[in-house]
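Visitor: Before we look together, could you explain the labels as we go, and set each value against the cut-off behind it?

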Amino acid sequence: MEGITEGVNNMSVSAAETQKKNRIQVSNTKKSLFFYVNLSKRYMQQYNEVELSALGMAISTVVTIAEILKNNGFAVEKKIRTLTVDMRDEPGARPIPKAKIEVVLGKTEKFDELMAAEAEQNGDIKEQN
């Protein structure tokens, strides 16, 4: 019995760890698309990969962010996961199923080179102002 309790305690610890440092929860109302694109680049610089996550209507925003990063040579797709989660508007309310997507992107071989070129270009713009 003691082993079972220990396993349950370990599960609660790992549940807390699922709030990953490299996860971005995307909303389609709070921030602009390019806020998320730039934040994703910073996360990839720091952690080598980024996980974009969204519910419902924000799913298309995650797909767009991932495509921008891939098409511009910054990222490669590592994993795409779709699922349905039960959401409650308030405690005790009936659960409402919502679509969810999780997309994990990793840095390309050209990532650092592209980021350096982008930083140099941004430096030139600031000098002109």
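Guide: Let us begin with Ser53, a residue of strand β2, and keep in mind that the model is a predicted one.

Visitor: Why does Ser53 count as buried or exposed, as the case may be?

Guide: Buried means under 20% relative accessible area, and Ser53 has 4% relative accessibility, so Ser53 counts as buried. Leaving aside residues up to four places away in sequence, Ser53 touches Arg23, Ile24, Gln25 and Val26, together with Val62, Lys100, Ile101 and Glu102.

Visitor: What makes β2 mostly covered?

Guide: Five of the seven residues of β2 are buried. For the chain, which has 129 residues, buried residues make up 29%.

Visitor: How do you know that β1 and β2 pair, and in which direction do they run?

Guide: Two strands pair if there are at least two bridges between them; three bridges join β1 to β2, and these strands run parallel. Within this part of the sheet, Arg23 stands opposite Glu51 in β2.

Visitor: What joins β2 to β4?

Guide: Seven bridges join β2, residues 49–55, to β4, residues 96–107, and the two strands run antiparallel. Among the partners, Val50 stands opposite Leu105 in β4, while Leu52 has Val103 of β4 as its bridge partner.

Visitor: How many bridges join β3 to β4?

Guide: There are 12 bridges between β3 and β4, which run antiparallel, and one of the partnerships is that of Val76 with Gly106 in β4. Val85 is also found in strand β3; its C-alpha lies 5.5 Å from that of Pro97, although the two are 12 residues apart in sequence. Not counting residues up to four places away in sequence, Val85 touches Leu55, Ile96, Pro97, Lys98 and Lys100.

Visitor: What makes the pairing of the sheet mixed, and in what order do the strands lie?

Guide: The four strands form an open sheet in the order β1-β2-β4-β3, with mixed pairing: β1 and β2 run parallel, whereas β2 and β4 run antiparallel, as do β3 and β4.

Visitor: Which strands of this sheet are called edge strands, and what makes them so?

Guide: The edge strands are β1 (23–25) and β3 (75–87), each of which pairs on one side only. With direction ignored, neighbouring strands of this sheet are turned by 20° against each other on average.

Visitor: Which strands does helix α2 touch as it packs on the sheet?

Guide: Helix α2, residues 33–47, touches β1, β2, β3 and β4, and its direction makes about 140° with that of β2. Helix α3, residues 59–71, packs on the sheet as well, touching β2, β3 and β4, with its direction at about 10° to that of β4. In the chain there are four helices and four strands, and along the sequence they follow the pattern α-β-α-β-α-β-β-α.

Visitor: How many aromatic pairs does the structure hold, and why is the pair of Phe35 and Tyr36 called what it is?

Guide: The structure holds three aromatic pairs. Ring centres must lie within 6.5 Å for a pair, and planes over 60 degrees apart count as edge-to-face; the centres of Phe35 and Tyr36 are 5.3 Å apart and their planes stand at 75°, so this pair is edge-to-face. Tyr36, at 5% relative accessibility, counts as buried, whereas Phe35, at 33%, counts as partly exposed, the class between under 20% and over 50%.

Visitor: Why does the pair of Tyr43 and Tyr47 get its label?

Guide: The centres of these rings, those of Tyr43 and Tyr47, are 6.0 Å apart and their planes stand at 75°, so the pair is edge-to-face. Both residues lie in helix α2, four residues apart, about one turn of the helix. Tyr47 has 31% relative accessibility and therefore counts as partly exposed.

Visitor: How do you know that the charged end of Lys31 sits over a ring, and which ring is it?

Guide: The distance part of the test asks for NZ of Lys within 6 Å of the ring centre, and the direction part for a position within 35 degrees of the ring normal. The charged end of Lys31 sits over the ring of Phe35, 5.0 Å from its centre, and Lys41 lies over the face of Phe74, at 4.3 Å from the ring centre.

Technical notes: Residues numbered from 1 in each chain as written. Predicted model: local features only at pLDDT ≥ 70, side-chain atom pairs only at ≥ 80, totals over all residues. Heavy atoms only, no water. Axes fitted to C-alpha atoms, helices over the stretch in contact; angles between N-to-C directions. Contact = heavy atoms within 4.5 Å. Phe/Tyr/Trp six-rings, centres within 6.5 Å; stacked < 30°, edge-to-face > 60°. Buried < 20%, exposed > 50% of the residue type's maximum accessible area, 1.4 Å probe, protein only.
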